[in-house]
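Student: I am new to this structure and would like to go through it step by step. May we begin once it is shown?

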Amino acid sequence: MEKLQEIETRELYMPSGLKMKKEYFPGFGKEELLPAILSIFIFLIMDSVIYLLGIHNITILFFIFLIGVSTAVMLQVKGELNLSPVDIIKLEIQFRRSQKYYPYIAKNEWENIE
């Protein structure tokens, strides 16, 4: 009987930073790779259209591509809490939608104490 109580009182050790999925670098795994590749193609197409419109400055085209792709990738990378900025925005929207208005009237609770 004592052995059973001893087993119940032991704490479960959960190592920090344990990941269930393979990551290429911290916070960036297979799920984040697809949007990154998609953003590369989107910004390559945008650069091609801009080049065809007459802007032949390679520096501008390079920075449009670099800033666009890096922004798309960094929005997908998850931090220590396993939340990306996109996940945090989704949680904030869900929190705002779930808020209800409950009016509260404060009364003097110490008034009728005997």
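**Aromatic pairs, core and surface**

Student: Is Phe63 buried, partly exposed or exposed?

Tutor: This is a predicted model, and Phe63 lies in helix H3, residues 58–76. Buried would require under 20% relative accessible area and exposed over 50%. Phe63 has a relative accessibility of 42%, so this residue counts as partly exposed.

Student: Which residue forms an aromatic pair with Phe25, and how are the two rings arranged?

Tutor: The structure holds two aromatic pairs. In one of them the ring centres are 4.9 Å apart and the planes stand at 5 degrees. Planes under 30 degrees apart count as stacked. The partner of Phe25 is therefore Phe28, and the pair is stacked.

Student: What is the arrangement of the rings of Phe62 and Phe63?

Tutor: A pair of aromatic rings is described by the distance of the centres and the angle of the planes. For Phe62 and Phe63 the centres are 5.7 Å apart, with 65 degrees between the planes. An angle over 60 degrees counts as edge-to-face. The arrangement of Phe62 and Phe63 is edge-to-face.

Student: Is Phe28 buried or exposed?

Tutor: Its stacking partner Phe25 is partly exposed, at 40% relative accessible area. The limit for a buried residue is under 20%. Phe28 has a relative accessible area of 6%, so Phe28 is buried.

Student: Which elements give two or more residues to the largest nonpolar core?

Tutor: The largest nonpolar core has six residues: Phe28, Ala36, Phe43, Val69, Val73 and Val77. The elements that contribute two or more residues to this core are H2 and H3.

Student: Which residues does Phe43 touch, leaving out those up to four places away in sequence?

Tutor: Phe43 is a member of the largest nonpolar core. With residues up to four places away in sequence set aside, Phe43 touches Ile64, Phe65, Gly68 and Val69.

Student: Which residues form a nonpolar patch on the surface?

Tutor: One member is Ile37, which is found in helix H2, residues 30–52. A patch residue needs over 30% relative accessible area. Ile37 is partly exposed at 38%. Together, with about 330 Å² of accessible area, the patch consists of Ile37, Ile40, Phe41 and Leu44.

Student: How far apart are the C-alpha atoms of Ile45 and Phe65?

Tutor: Ile45 has its place in helix H2 and is exposed, with a relative accessible area of 55%. Along the chain, Ile45 and Phe65 are 20 residues apart. The separation of their C-alpha atoms is 9.6 Å.

Student: Which two residues meet in a salt bridge?

Tutor: Side chains of opposite charge can pair when their charged atoms come close. The structure holds one salt bridge. Its N to O distance is 3.8 Å, and the cut-off is within 4 Å. The two residues are Lys78 and Asp87.

Student: In what order do the helices and strands run from the N terminus?

Tutor: The protein chain has four helices and two strands. From the N terminus on, the order of these elements is α-β-β-α-α-α.

Student: What percentage of the residues count as buried?

Tutor: A residue is buried when its relative accessible area is under 20%. The protein chain has 114 residues, and the share of them that count as buried is 13%.

Conventions. Residues are numbered from 1 along each chain as its sequence is written. This is a predicted model: local features need pLDDT of at least 70, side-chain atom pairs count only at pLDDT 80 or more; totals for chains, interfaces and linings use all residues. Side-chain values use heavy atoms; hydrogens and water are left out. Patches are made of residues with over 30% relative accessible area and no salt bridge: like charges are joined within 9 Å, nonpolar side chains (Val, Leu, Ile, Met, Phe, Trp, Tyr) within 5 Å. Accessible areas come from the Shrake-Rupley method with a 1.4 Å probe; for residues, only the protein chains shown count as cover. A salt bridge is a side-chain nitrogen of Lys or Arg within 4 Å of a carboxyl oxygen of Asp or Glu. Buried means under 20% relative accessible area, exposed over 50%, partly exposed in between (1.4 Å probe, protein chains only). Rings of Phe, Tyr and Trp (its six-membered ring) pair if their centres lie within 6.5 Å; planes under 30 degrees apart count as stacked, over 60 as edge-to-face and the rest as tilted. A nonpolar core is a set of buried Ala, Val, Leu, Ile, Met, Phe, Trp, Tyr and Cys residues joined through side-chain atoms within 4.5 Å. Contact means heavy atoms within 4.5 Å.
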